[in-house]
Amino acid sequence: MSLIDVKNLSVQFKTDEGLITAVEDVSFSLAPGEVLGLVGESGSGKSVTAKSMMKLNPPNAIYAPECRIDLHLDSGPVDVMALKRPRDMEIVRGGAISMIFQEPMASFAPAITIGKQMVEQLLIHTDLNKKQAKDLSIEMLDRVGILEPATRFNQYAFELSGGMRQRAMIAMALSTKPKLLIADEPTTALDVTIQAQVLDLMKDLVAEFGMGIVFITHDLSVVAQTADRVAVMYLGRIMESGPVREVIRHPAHAYTRGLLNALPKLDDLDAPLTPIPGDIPSPLERPSGCVFHPRNPELKPGSRYETERPPLTEVSPGHFAAIFPEDVPGQP
Ligand SMILES: Nc1ncnc2c1ncn2[C@@H]1O[C@H](COP(=O)(O)OP(=O)(O)OP(=O)(O)O)[C@@H](O)[C@H]1O
């Protein structure tokens, strides 16, 4: 039984320059206790996809009518796209689904202590009384490795170091025991040692609470350490998805190969880094066919990828790539 099913998600934004397609026909499911990595360069639609799961996109967002997001809660299924009233949205935001961001300052109000914010959130989303909410908040701060949690509880976000703020944000996000945690580049702003600690901590907590996580990053090596499955996005479309090791060991799409070639190799520090050629096109000039075709160094001129959109083809069990069936690696 899945926790959330995203089906045919397409999101456009109305802007002064015209309609921008941010996400196009994206589908995926997530099971409880599973970590899905959403990876791709800037502008690939990762954040818009994540925000759609909580209907958090700004009012200029237009969702395609065929798109469905079904969240399966103990109390029954919730059709996120159909939620309209703020009260109904509250079930989803900060309750069943929590989101953590790259910049933790954005999650904390500057003039309210961390503890007060944690308690308020618990009072809204749980049946705990004030004393119980305070005790749980301090316990969660302790659980994420914050020393002297009772002191930190009474401090403001600006009094904490960057790493500590990140941990406090994770403590707050997890205290309501959400079914789904959406983590948008949660470790990008941290230095590498703290990044590793935060990733380990998230993995422990997922195992303990059995929640599902959607982990957003532009860094495939972070996904390799964190996720069970990965979906690689480019210009709003899924280019490849599947079990993380399988996708990294046997990438079937040229875009995934490009991302992997651009990573530094620790076992061969002299190897040149090979960036993906060309620039990400403006969202107003969306390429025809496969959206990656203008930057794909593996294609010959006149290739059908220039005009035809390839389907998501299963290249091995549970591993899909946006390529035509005849291009599945290993085909005669
Ligand atoms: N409110 C908005 N109005 C107009 N366009 C938007 C809006 N929000 C996002 N977009 C556009 O949608 C596209 C996808 O953006 P999104 O933030 O999801 O990318 P991303 O993959 O998360 O990138 P990054 O790694 O930089 O956060 C981009 O072209 C972006 O400019």
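**Exercise 1. Place Ala82 in the chain and decide whether it is buried or exposed.**

Solution. Start with the address: Ala82 sits in the loop that links strand E6 (76–79) to helix H2 (86–92). Bear in mind that you are working with a predicted model. Next, count the surroundings: 11 other C-beta atoms lie within 10 Å of Ala82. A residue is exposed if that count is 12 or fewer, so Ala82 is exposed. Finally, try a distance: Ala82 and Gly210 are 128 residues apart in sequence, and their C-alpha atoms are 26 Å apart in space.

**Exercise 2. Describe the overall build of the protein, and check its radius of gyration against that of a compact globule.**

Solution. Begin with the secondary structure, which comes to 10 helices and 13 strands. Then look at the extent: along the principal axes, the C-alpha atoms fill a box of roughly 70 × 50 × 40 Å. Now the check itself. For 332 residues, a compact globule would have a radius of gyration near 20 Å, and the protein has 21 Å, so the two agree. Two further values fill in the picture. Buried residues make up 40% of the 332 residues. Of the contacts between residues at least 6 apart in sequence, 61% join residues at least 24 apart.

**Exercise 3. Which residues are closest to the ligand, and which elements supply the shell around the ligand?**

Solution. First, the shell: 16 residues surround the ligand, and the closest are Phe13, Ala22, Ser42, Ser47 and Val48. Second, the elements: strand E1 (4–15), strand E2 (18–30) and helix H1 (46–52) each give two or more residues to this shell. H1 provides the largest share, three residues. Third, sort the shell by class: there are six nonpolar, nine polar and one charged residues.

**Exercise 4. Test the length of helix H3 (residues 114–125), then work out where its buried residues lie around the axis.**

Solution. Take the length first. H3 has 12 residues, and at 1.5 Å a residue these should span 16 Å; the end C-alpha atoms are 17 Å apart, so the helix agrees with expectation. Now list the buried residues of H3: Ile114, Gly115, Met118, Val119, Leu122 and His125. They cover an arc of only 140° around the axis, which means that they lie on the same side of H3. To finish, ask what they meet: the buried residues of H3 pack against helix H4 (130–143), helix H5 (149–153) and helix H6 (162–175).

**Exercise 5. Repeat the length test for H4, and say which helices its buried residues pack against.**

Solution. The 14 residues of H4 should span 20 Å at 1.5 Å a residue, and the end C-alpha atoms are 20 Å apart, so the lengths agree. The buried residues here are Ala133, Leu136, Ser137, Ile138, Met140 and Leu141. They pack against H3, H5 and H6. Just past the end of H4, Gly145 has a positive phi of about 85°.

**Exercise 6. Follow Leu128 from its loop to its contacts.**

Solution. Leu128 belongs to the loop between H3 and H4. With 17 other C-beta atoms within 10 Å, Leu128 is partly exposed. Setting aside neighbours within four places in sequence, Leu128 touches Leu122, Ala133 and Leu136. Leu122 is one of the buried residues of H3, while Ala133 and Leu136 are among the buried residues of H4. For a longer reach, Met54 is 74 residues away along the chain, and its C-alpha atom is 24 Å from that of Leu128.

**Exercise 7. Asn8 and Leu235 each have a positive phi without being glycine; find where each one sits.**

Solution. For Asn8, phi is about 50°. Asn8 is part of strand E1, and with 14 C-beta neighbours inside 10 Å it counts as partly exposed. For Leu235, phi is near 45°. Leu235 lies in the loop between strand E10 (229–234) and strand E11 (237–243), and it is buried, with 23 other C-beta atoms within 10 Å.

**Exercise 8. Name the buried residues of helix H10 (residues 254–261) and what they pack against.**

Solution. The buried residues of H10 are Ala254, Tyr255, Thr256, Gly258 and Leu259. They pack against helix H8 (220–226), helix H9 (244–249), E10 and E11. You have met the last two strands already: the loop between E10 and E11 holds Leu235.

Conventions
Residues numbered from 1 in each chain as written. Predicted model: local features only at pLDDT ≥ 70, side-chain atom pairs only at ≥ 80, totals over all residues. Near = placed C-beta within 6 Å. Helix = DSSP H or I, 4+ residues; strand = E, 2+ residues; numbered from the N terminus. Nonpolar A, V, L, I, M, F, W, Y, C, P; charged D, E, K, R; others polar. Expected span 1.5 Å × (residues − 1). Buried ≥ 20, exposed ≤ 12 C-beta atoms within 10 Å, placed from the backbone. Arc of directions from axis to C-beta. Contact = placed C-beta atoms within 7 Å. Rg over C-alpha atoms; globule rule 2.2 N^0.38 Å.
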